[in-house]
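User: Please look at the model below. I would like to go through the surroundings of its ligand.

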Amino acid sequence: MKINKLLAGLLTSVTLVAGAAQAAELSIVSGDTGTGLAFLQSELDIFTEQTGHTVTIVPMPSSTSDQFGQYRLWLAAGNADIDVYTTDVIWAPQLADQFLDLSEAAADVIDEHYPSIIESQTVEGKLVAIPGYTDAPALFYRKDLLEKHGKEVPKTWSELHATAQEIMDAERAEGATDLWGFVFQGNAYEGLTCNALEWVNSYGGGQIIEADGTISINNPQAVAALEEAASWIGTISPEGNLAYMEEESRGVWQLGNAVFMRNWPYAYALSNSDDSAVKGKFDVAPLPAGEGEGAKPSGTLGGWNYAVSKYSPEPDAATELALFLGSAESQKRRAIQQNNLPSIQALYQDAEVLEAAPFMAAWEEIFQSAVPRPSAPAQANYNEASSLFWSAVHNTLSGNGSAAENLELLEVDLEDLLN
Ligand code: GLC
């Protein structure tokens with residue numbers, strides 16, 4: 001008995017020492033929304049348990065534009081303190097040179113992911129990052145309020161405007177003075193590029209810069225789309241919406257102060273949490289279509305990935321971490337707890353995933369037909385091009401120049417930048 005215990009003790013310390021000898025100390029940088037960073041920490045705890053490697057999170061602000069600015073500086077300086085970067089779907093072409101090629105390490109699992117998502121992270125044959133999840137927006141709506149006022153879920157943006165206005169006016173008259181009709185991401189940052197691209201695209205106005213590099217944004221449908229959006233500010237959307245990012249819109253919505261919200265699927269789980277005023281009172285639908293020729297519903301493609309810095313002193317352990325965070329096991333927990341859309345095809349047939357997030361069954365198709373931002377044609381200039389676009393849109397929403405004037409100027413600026 002005693003000898004057995006002694007032996008067992010010895011064995012444990014031997015394994016611990018062996019484990020410790022190979023264990024790496026890694027760091028991962030990530031900004032996120034909602035409870036995203038807490039979820040990441042819980043995944044890192046599992047990773048540490050499985051591998052012995054320890055990982056520190058370097059937290060970032062949730063604005064993807066702010067993250068990008070910082071990462072570009074760190075990478076340009078050859079920063080060796082960050083091993084793994086959490087990267088937005090649009091960054092691959094711009095940062096490809098600074099990350100390791102993961103195609104060999106991921107060879108066994110690549111076929112589990114949607115080919116289009118792998119493609120978005122592949123630059124000249126190099127797999128720049130492992131997909132963690134994909135993203136496609138939803139129109140969140142208050143089932144209870146629509147029912148009470150006898151309204152259907154709007155199919156066009158002008159229907160949304162009319163329905164939002166009617167419900168808002170009626171509810172305010174009954175004392176709900178803080179209620180707004182529609183909240184979205186209107187701050188001057190990448191999130192506004194996502195929102196405005198889907199307005200423009202839903203009006204048949206193209207995708208800012210087309211896949212062949214043509215600058216298409218200065219067209220009548222795009223003007224009509226931005227005019228519609230500008231008409232929301234101060235009527236169904238608060239002036240303050242011009243400063244909202246994802247979390248600010250979710251804040252208003254989750255307090256019960258909006259009839260409609262445009263947001264990403266992460267807001268579904270949080271809106272159903274116990275401290276949410278809208279728990280059980282809402283559902284999601286595809287975003288509305290525009291009007292006129294070529295009108296259709298449209299959503300911008302988003303998503304996040306894990307890239308390994310080429311300056312990491314621990315490339316093997318860092319690659320292991322990126323693979324772990326993109327694995328089917330981790331993506332399943334993410335889908336269930338965070339309601340992020342998996343990039344792993346099989347998870348859309350997973351009963352536990354569909355029970356936790358019933359909307360995902362429909363979102364499989366929605367993300368596959370989502371419109372990509374023009375990061376592939378704009379290449380290294382994408383961030384600058386996007387910032388010109390969101391500024392033109394923000395000016396229009398703020399009443400600073402008309403849609404037609406601002407898009408004409410934008411076209412000239414994009415031509416200067418790209419040609
Ligand atoms: C979401 C999307 C991301 C996008 C960002 C904009 O996080 O996944 O792709 O750039 O929103 O705010």
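The turns below deal with the ligand and the residues around it.

Analyst: This is a predicted model, in which local features need pLDDT of at least 70 and side-chain atom pairs count only at pLDDT 80 or more, while totals for chains, interfaces and linings use all residues. Residues are numbered from 1 along each chain as its sequence is written, and side-chain values use heavy atoms, with hydrogens and water left out.

User: How many residues surround the ligand?

Analyst: A residue is near the ligand if one of its heavy atoms lies within 4 Å of it. Among the closest are D88 and E246. The number of residues surrounding the ligand is 14.

User: Between which domains does the ligand lie?

Analyst: Domain bounds come from an automatic or database domain assignment. Both domains give residues to the shell, so the ligand lies between domain 1 (16–136 + 301–368) and domain 2 (138–299 + 375–418).

User: How far is an oxygen atom of the ligand from an N or O atom in the side chain of D135?

Analyst: A polar contact is a pair of N or O atoms within 3.5 Å. For R373, the side-chain distance is 2.8 Å. For D135, it is 2.6 Å.

Conventions
Polar contact = N/O pair within 3.5 Å; in protein donor to acceptor, adjacent residues only side chain to side chain.
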